[in-house]
Amino acid sequence: MADQYESINLGCPPAGRAAAAGHCWFPGPPPPIYSCTLTPELEAKAREELQEKPEWRLRDVQALRDMILKEHPNLRTRLDDAFLLRFLRARKFDYDRALQLLLNYHAGRKAWPEVFLDLKPSTVKHVLDLGFLTVLPRPDPNGRYILFLRPGKWKPNDYPFVDNVRAIYLTLEKLIQPEETQVNGIVILADYTGVGMSQASNPGPFLAKKVVSILQDGFPIRIKAVNIINEPRIFKGIFAIIKPFLKEKMAERYVLHGSDLRSLHRNIPPSVLPVEYGGTTGRLDMSAWSRLLLDCEEEFIVEFCQPDPLEGVVLPDSMLFEGEQAGGKDDDTVRGLRSQLYYCY
């Protein structure tokens, strides 16, 4: 059985690389031979919120592994304990839903080659240098790291929007490695300063739907809140593009603050925010996360610059992203939503 695992395992990224490179503020992944890194408090939280029982943890991982090998023997995926645990935790240890999430995770790569082909930090350095995204150095009081986005920094003439998606995806891949993130989830903070018509209308509903599909159904991370600050009037049109594709629970997690820092601080305390947002952690540093990602280049080459993991695997049509063959309908939707955007603007 061990030989069978090795034949289709793409390999586990080296543990502790971030810490070894001097990025001690962000925890590294679990060791190659899995050993739980959760504190007793987080184990209790995982038991209560995710139905995770420490005494059954490895049994559950083995059950998911057996399902993959039996039902999808040609799927070239990692099968190590740490990797499979991400999917079990994201679906509260429901084997069937965890397997579906894993298949969606790989199906997303096949459905969107513009994002996943040759995906590594050096290919999105221009996005990082622009200051489009970072991860704030301190988690919030609930232990959740904060993915900070500045959509207004990007202009359509800079580079294709899909490069922003590539940078976000690499960031999520890094964020999900520590077990505490798998249990606590993450928070998104987006500052819409500078966002105008050109940025708002560029992605369109088809691209927005793909992004939302990956985040909701194709990636093993728990997004616990999405905080929007400094949103312009045009955001109503932007959200009109996104909302039809959001599940009700996710839509309810969007909080719009406008320019009201007191409203923001009720959701994210000043103790974890930079001074630009009324915080106490010093000035906003966009470079620390960039350095961390770029120092993990080899890790991402192992993870993404490999043959198609779904080659030879037959998936049901329901697993492909809707809209691949529905160009006409999406074009009509684009025109209608652009009209809304102009009205809001």
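**Gln216, His72 and the largest pocket**

Let's start with one residue. Gln216 sits in helix α12. A word on the source before going on: this is a predicted model.

Is Gln216 buried or exposed? Its relative accessible area is 12%. The cut-off for buried is under 20%, so Gln216 counts as buried.

What does the side chain of Gln216 reach? It reaches the backbone oxygen of Phe245, at 3.1 Å. Now the wider surroundings. Set aside the neighbours within four places in sequence, and Gln216 is in contact with Arg91, Phe245, Leu246, Lys247 and Met250. Keep Arg91 in mind from that list. Arg91 comes back in a moment, at the pocket.

On to the largest pocket. Its volume is about 540 Å³. How many residues line it? The lining has 20 residues. Nearest the centre are Ala90, Arg91, Arg97, Lys249 and Arg253. So which elements build this lining, by giving two or more residues? They are α5 (81-90), α6 (95-111), α12 (204-217), β4 (223-229) and α14 (248-251). Note α12 there. That is the helix that holds Gln216. The top contributor is α6, which gives four residues to the lining.

Next, the chemistry of the lining. Ten of the lining residues are charged. Seven are nonpolar, and three are polar.

And the domains? Which domains supply at least three residues each to the lining? Domain 1 (32-111) does, and domain 2 (115-299) does too.

Now a second residue, His72. Where is His72 placed? It lies in the loop between α4 (57-71) and α5. That same α5 is among the elements lining the largest pocket. His72 has 14% relative accessibility. Buried means under 20%, so His72 is buried, although it sits in a loop.

One distance for His72. Its partner here is Leu103, 31 residues away in sequence. In space the two are 9.3 Å apart, C-alpha to C-alpha.

Last, the whole protein. It has 345 residues, and 53% of them are buried. Gln216 and His72 are both in that buried group. The protein has 18 helices and five strands. Then the contacts, counting those with a separation of 6 or more. Of these, 79% are between residues 24 or more positions apart.

To recap. Gln216 is buried, at 12%, and its side chain reaches the backbone oxygen of Phe245. The largest pocket has ten charged residues in its lining, with domain 1 and domain 2 each giving at least three residues. Thanks, that's my part.

Methods
Residues are numbered from 1 along each chain as its sequence is written. This is a predicted model: local features need pLDDT of at least 70, side-chain atom pairs count only at pLDDT 80 or more; totals for chains, interfaces and linings use all residues. Side-chain values use heavy atoms; hydrogens and water are left out. On a 1 Å grid over the protein atoms alone, a cavity is a set of points where a 1.4 Å probe fits but cannot get out, and a pocket is an open set with protein on both sides within 12 Å along at least five of seven lines; lining residues have an atom within 4 Å of a point. Grid points are joined across faces, edges and corners, and a volume is the space filled by probe spheres set on the points. Ala, Val, Leu, Ile, Met, Phe, Trp, Tyr, Cys and Pro count as nonpolar, Asp, Glu, Lys and Arg as charged, and the others, Gly among them, as polar. Domain bounds come from an automatic or database domain assignment. Buried means under 20% relative accessible area, exposed over 50%, partly exposed in between (1.4 Å probe, protein chains only). A polar contact is a pair of N or O atoms within 3.5 Å; within protein, one must be able to donate a hydrogen and the other to accept it, and residues adjacent in sequence count only if both atoms are side-chain atoms. Contact means heavy atoms within 4.5 Å.
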